Amino acid sequence: MTTETITAEASGTFRLGDLPVRRIGLGTMRLTGSAAFHHGTPSDRQRSLTVLRKAVELGVNHIDTAAFYFSSLRSANELVNTALSPYPDGLVIAAKVGPYRDYHGEWGASARPGQLRGHVEENLRQLGRDHLDVVHLRRMSQDSIAEHFGALAELRTAGLIRHLGISGVEPRHLAEALEIAPVVSVQNRYALDRPDPAGDELLRLCGERGIAFIPFYTVAGEAGERGATAAHDDAVLSVARAHGASPAQVRIAWTLHQGPHVLAIPGTGNPGHLTENVAAGALRLTAGELARLDRARTQSG
């Protein structure tokens, strides 16, 4: 498929609360190195800045980031700030809070509710913003998210946050959060090669309530934070050949076909891969192709 002239507009639009975004966005985790966090080598700074600017040129207006996205030399938030500030009108920046990494890059204990304001303010400082468009509470090991989500709801009332989301949750956590404040998005791990009945239920519940469902690691698959998977089954490869597309594009397209409320935030530090990822928003799979991919997903479990 031709990619150079395809923009994020081809993927369609959905609203995060009152904020319209293209259904293809950009995750920033891979901007900091060859693999996330401390697993790879730091990225070339100018190339990462080019990716961010090119994304906006291609119509991407949803950037997903976090203060804990950094490598030994690169900070995702600093790159976003440098590349895109002053921020164009209509650009939506979503952040995550909850996990914590210290100055050495080591993971610390997840934030207590009273510490979340500091997490939000650190994202604001790094991004050069006076408010965050969307903040996702990343659930760690806590059974209930009520106290943590309530703390973020207070920051929303104070004007530091415009909209709230949750991440790494089960269906019961969505119900719990909705008792406290509106939820505009749910961000969970969800991928073509990862059977997930609880994720399927969340996908359905979000669709019924007009809440965005935002999968992560859709391209990485089982490789997760270490980068895009190279393990593609026959169904993915055959669909890719039929469309003259890459397996990664098929994975992104399958994700978007799960419902009009589903957004994709594939991450990359490669300008060429960015163009391909955005172009995947124009890839239309047939009912037969979707059925074949779904069967392969079920069998992989």
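Contact, as I use it here, means heavy atoms within 4.5 Å. Helices (H or I, at least four residues) and strands (E, at least two) are DSSP runs, numbered from the N terminus.

**Ground rules.** I'm working with a predicted model, where local features need pLDDT of at least 70, side-chain atom pairs count only at pLDDT 80 or more, and totals for chains, interfaces and linings use all residues. Residues are numbered from 1 along each chain as its sequence is written, and side-chain values use heavy atoms, with hydrogens and water left out.

**Helix H10.** I looked up what H10 packs against: its buried residues touch helix H6 (197–209), H7 and H8. By buried I mean under 20% relative accessible area, by exposed over 50%, and by partly exposed anything in between (1.4 Å probe, protein chains only). The buried ones in H10 are Glu289, Leu290, Leu293, Ala296 and Arg297. They sit on the same side of H10, because they cover an arc of only 125° around the axis (the arc is that of the directions from the helix axis to the C-beta atoms). On the face turned away from that buried side I found exposed Ala287, Thr298 and Gln299.

**Helix H8.** Next I checked the partner H8, residues 247–256. It is largely enclosed by the rest of the structure, since 9 of its 10 residues are buried. Trp254 and Arg251 are among them. The cover over these buried residues includes strand E9 (212–216), helix H7 (234–243), helix H9 (271–279) and helix H10 (287–299).

**Salt bridges.** I count a salt bridge when a side-chain nitrogen of Lys or Arg is within 4 Å of a carboxyl oxygen of Asp or Glu. My search of the whole structure turned up 14.

Back on H10, Arg297 meets Asp200 in one of these, at 3.4 Å, N to O. Arg297 is in helix H10 and Asp200 in helix H6, so this pair ties together parts 97 residues apart in sequence. Arg297 is buried at 9% relative accessible area, while Asp200 is partly exposed at 30%.

Also in H6, Glu201 bridges to Arg204, with the closest N and O atoms 2.5 Å apart. These two are 3 residues apart in the helix, about one helical turn. Arg204 is partly exposed at 38%.

In helix H3 (residues 116–127) I noted Glu121 and Arg117, whose side chains meet at 2.8 Å, N to O. They are 4 residues apart there, again about one helical turn.

Last note: Arg139, Asp143, Glu170 and Arg172 are linked in a network of salt bridges.
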